[in-house]
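Subject: Structure handover

Hello,

Here is the structure you are taking over. My notes on it follow below.

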Amino acid sequence: MSKTYDIIALGELLIDFTPMGRDDDGDVMFARKAGGAPLNLLAACAKFGGRTAFVGKVGADMFGDFLIETVKKSGVDASALRVDPIHNTTMAFVQLSENGDRDFTFARRFGADTFLSADEVPEDKLRDTRVFHFGSLSFTSPVSADATRRALDIARRSGAMISYDPNFRPPLWESAEQAADAMRENLTCADLVKASREEVALVAGTDTTDEGIAAGLRYVHGLGVRLCVVTDGPNPVTVSLNGETSVVVPEPRKCVDTTGAGDIFFGTFLSCLLREDKTLETLTPEDCVRYADAANHVSGLSTLKHGAIASIPEIPAEWRIR
């Protein structure tokens, strides 16, 4: 039976304030950009012609209005995006290194995205999607954690493929141990996972050497994950399908801003899988290499511009889902 949506994602939606040079007094100037890993992924899939929807919450403020409009302009269904009259839209201030890597300072203690409640989860939509995607940051708040667990239960029972991003942002957790416990718990619910080497090492209790990542992948697969994609910035990507591992080397790029690159990578990877109507039973290691090559290309191009969603390049017609 066909589903209305290709991917529905639930999670954080926020403003990324990205540095854009200095003023005459030498103070850093920031540009307002739409951010949040789940939306970045959906926006990438929408560029491929995918039918997507976002589940989340923003504040009743100018930033919330901007984000709602951005979701719609990105080609993503915003009908399950709630507006919170009490809590403000979450914000993150981005600091960039010389090679484009980023660090974050968050204003999220009363961020609206953390107050999405279980009764605001759209059951009808979640029963009607091919893939449900979520991330670990929804579990930094007990309210949004309950909402995510309910969404997961509905999607799994409806036969959706479950995609997970164990996104580690240290300032948003009480400790690395708390983050690892939450991230580890959610791996037992996931079919596909995209993680950095540091995130694999954190959840598996290993290190980031090749031997540590190999042990980490064995641990992740032991929890039931079928496909794990491990990114490492500009370095080769490791794709492990049921323990069969491939390494894919990206094209060299002179990065300006890597914000959202991992999300765009995985949005592209999932779009390739959906375009070919693959399941985890029919997917092959050769397919995974092709998808990772395409994802490296698209996400690499995105690092040549500032921001995340605005940096997603146009997609060739032959790559589109429809």
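A residue counts as buried when its relative accessible area is under 20%. Thr-52, at a relative accessible area of 3%, is therefore buried. Please keep in mind throughout that this is a predicted model.

Thr-52 belongs to strand β4, which covers residues 52-59. Leaving aside residues up to four places away in sequence, Thr-52 touches Tyr-5, Ile-7, Leu-42, Cys-45, Ala-46, Gly-75, Val-76 and Asp-77.

Next, helix α6 and its surroundings. Helix α6 runs over residues 197-204 and is mostly covered, with seven of its eight residues buried. Those buried residues are Arg-197, Glu-199, Val-200, Ala-201, Leu-202, Val-203 and Ala-204. What lies over them? The cover of the buried α6 residues includes α5 (176-187), β10 (192-196), α7 (210-222) and β11 (227-231). Just after α6 comes Gly-205, with a positive phi of about 70 degrees.

Strand β11, one of the elements covering α6, is itself mostly covered: five of its five residues are buried. Its side chains divide between two directions. Leu-227, Val-229 and Thr-231 point one way, Cys-228 and Val-230 point the other way, and all are buried.

Which strands pair with β11? β10 does so in the parallel sense, over five bridges, and the bridge partner of Val-193 in β11 is Cys-228. Strand β12 (residues 237-241) pairs with β11 in the antiparallel sense, over four bridges. In that pairing, Val-229 stands opposite Val-239 of β12. The hairpin of β11 and β12 has five residues between the strands, and Gly-233 in this hairpin takes a positive phi near 60 degrees.

Last, a pocket. The second largest pocket has a volume of about 430 Å³. Its lining is made up of 16 residues, and Arg-108, Arg-109, Thr-114, Thr-140 and Leu-172 are the ones that lie nearest the centre. The elements that give two or more residues to this lining are β7 (102-107) and α4 (142-157). How do the lining residues of the second largest pocket divide into nonpolar, polar and charged? There are nine nonpolar, four polar and three charged residues in the lining.

To look through the model in order, you could begin with Thr-52 in β4, go on to α6 and the elements that cover it, β11 among them, and end at the second largest pocket with its 16 lining residues.

Regards

Notes:
Residues numbered from 1 in each chain as written. Predicted model: local features only at pLDDT ≥ 70, side-chain atom pairs only at ≥ 80, totals over all residues. Heavy atoms only, no water. Buried < 20%, exposed > 50% of the residue type's maximum accessible area, 1.4 Å probe, protein only. Contact = heavy atoms within 4.5 Å. Pairing = 2+ DSSP bridges. 1 Å grid on protein atoms, 1.4 Å probe; cavity = no way out; pocket = protein on both sides within 12 Å on 5 of 7 lines; lining within 4 Å. Points joined across faces, edges and corners; volume = space filled by probe spheres on them. Nonpolar A, V, L, I, M, F, W, Y, C, P; charged D, E, K, R; others polar.
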